[in-house]
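Reader: I would like a close look at one part of this model, the surroundings of the ligand. Which residues surround the ligand, and how does the protein enclose it?

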Amino acid sequence: MDKIVSPSKTKAIVEKYKFRFSKSLGQNFLIDQNILEDIVDGADIQPDDCVIEIGPGIGTLTQFIAEKAHKVVAIEIDRNLIPILKHTLADYQNVEVINQDVLKVDLHQLIADKFEGKPVKVIANLPYYVTTPIVMRFLEEKVPVDSLVIMIQKEVAVRMQAGPGTKDYGALSIAVQYYCNPEILLKVPPSVFIPQPKVESIVIKLQVYPEPKVKVERDDLMFALVKDAFGKRRKTLLNALSSGLLQLSKEIVRESLEAANIDENRRGETLTIEEYATLTKEVAARQ
Ligand SMILES: C[S@@+](CC[C@H](N)C(=O)[O-])C[C@H]1O[C@@H](n2cnc3c(N)ncnc32)[C@H](O)[C@@H]1O
């Protein structure tokens with residue numbers, strides 16, 4: 001069928017199938033051709049690339065992806081959308097729709113089973129409630145994908161890209177920037193969706209590094225230190241780290257900070273990832 005690129009086509013499909021939008025599943029469907037093309041261009045899909053699309057909705061973005069990619073696996077949680085997707089994607093032989101919650105899919109297995117060792121990219125217009133868990137699953141479980149192009153709430157995108165010393169810099173910034181280079185691609189106003197969401201969105205590209213940005217043997221310890229440091233944002237590092245979940249003694253924290261050449265009166269929000277990596281090494285040596 002023709003591409004779904006207008007409010008009237010979206011409304012016609014929704015009415016034909018008597019589809020009811022679910023607010024809790026974040027169902028806001030794109031209706032603007034320029035934005036759809038910009039998202040697909042941002043993903044830079046090559047003819048050999050395979051794409052995992054999360055939350056295809058009625059298949060609007062999927063149609064654009066399918067024209068560029070070798071193969072698309074689209075994972076949609078809402079079973080009411082499956083008959084619609086069968087119809088809107090009928091002309092695309094390279095698309096497979098899976099009716100499942102992406103958080104429950106074995107992503108390593110899916111890639112091994114479906115993509116014949118070809119490069120894999122992720123594209124998603126995500127419901128906001130699952131944004132962070134989904135992104136962190138891909139990164140922490142080291143799911144072998146080249147990049148993730150995702151549409152997310154503006155505030156979350158800004159936090160992912162924030163650097164030291166800014167108010168948006170936090171545990172999410174460090175976790176994302178440890179695994180990948182975040183680049184904001186475009187701002188998306190509420191007017192390009194049916195129904196219109198209340199918040200502004202941003203499309204961000206997370207280009208995954210072949211190896212994490214800094215070398216840390218105990219990255220679990222680094223993330224625990226980050227959590228403690230940001231858990232008490234207003235406290236100095238010495239106080240935050242010696243009263244956090246890790247239950248480090250003041251002595252260990254003081255010695256480790258000194259060995260890492262970090263002033264104990266600094267706050268966690270001023271440290272770069274490299275400094276957290278050095279600090280982790282020093283704390284690990286004393287634990
Ligand atoms: C914001 S809509 C995007 C729809 C479509 N991609 C578009 O751009 O028009 C989000 C979609 O994600 C689906 N979804 C929500 N939670 C999901 C989950 N945990 N796993 C898979 N899909 C999910 C929703 O049902 C919905 O179709």
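Author: What follows is a walk around the ligand, with a short look at two backbone features afterwards.

The model is a predicted one, and in it 21 residues surround the ligand, the closest being Leu30, Gly55, Glu76, Asp101 and Asn125. Sorted by class, this shell consists of 10 nonpolar, seven polar and four charged residues. Strand E1 (29–30) and strand E3 (71–76) each contribute at least two residues to the shell, while Gly55 belongs to the loop that runs between strand E2 (50–54) and helix H3 (60–68).

Turning to individual atoms, Asp101 places a polar side-chain atom 2.8 Å from a nitrogen atom of the ligand, and Tyr129 likewise has a polar side-chain atom 3.1 Å from a nitrogen atom of the ligand. At Asn125 the partner on the ligand is an oxygen atom, which lies 2.8 Å from an N or O atom of the Asn125 side chain. Of the 600 Å² of accessible area that the ligand has on its own, the protein covers 99%. The space that the ligand takes up is also the largest cavity of the model.

The UniProt record can be set beside this picture, since its annotation "binding site" covers Asn28, Leu30, Gly55, Glu76, Asp101 and Asn125. From this annotated set, the lining of the largest cavity takes in Asn28, Leu30, Gly55, Glu76, Asp101 and Asn125.

Two backbone features may also be worth inspecting as you go through the coordinates. Most residues other than glycine have a negative phi, and most peptide bonds are trans. Lys18, however, is a residue other than glycine with a positive phi, near 50°, and Lys18 is found in the loop between helix H1 (7–16) and E1, the latter being one of the strands that supply at least two residues of the ligand shell. The other feature is the peptide bond from Ile194 to Pro195, which is cis, with omega near -20°; Pro195 lies in the loop that connects strand E8 (193–194) and strand E9 (201–208).

Notes:
Residues numbered from 1 in each chain as written. Predicted model: local features only at pLDDT ≥ 70, side-chain atom pairs only at ≥ 80, totals over all residues. Heavy atoms only, no water. Near = heavy atom within 4 Å. Polar contact = N/O pair within 3.5 Å; in protein donor to acceptor, adjacent residues only side chain to side chain. Areas by Shrake-Rupley, 256 points an atom, 1.4 Å probe, with all protein chains shown as cover. 1 Å grid on protein atoms, 1.4 Å probe; cavity = no way out; pocket = protein on both sides within 12 Å on 5 of 7 lines; lining within 4 Å. Sits in = over half its atoms within 2 Å of the grid points. Helix = DSSP H or I, 4+ residues; strand = E, 2+ residues; numbered from the N terminus. Nonpolar A, V, L, I, M, F, W, Y, C, P; charged D, E, K, R; others polar. UniProt positions renumbered as here; feature names shortened; annotations may be inferred.
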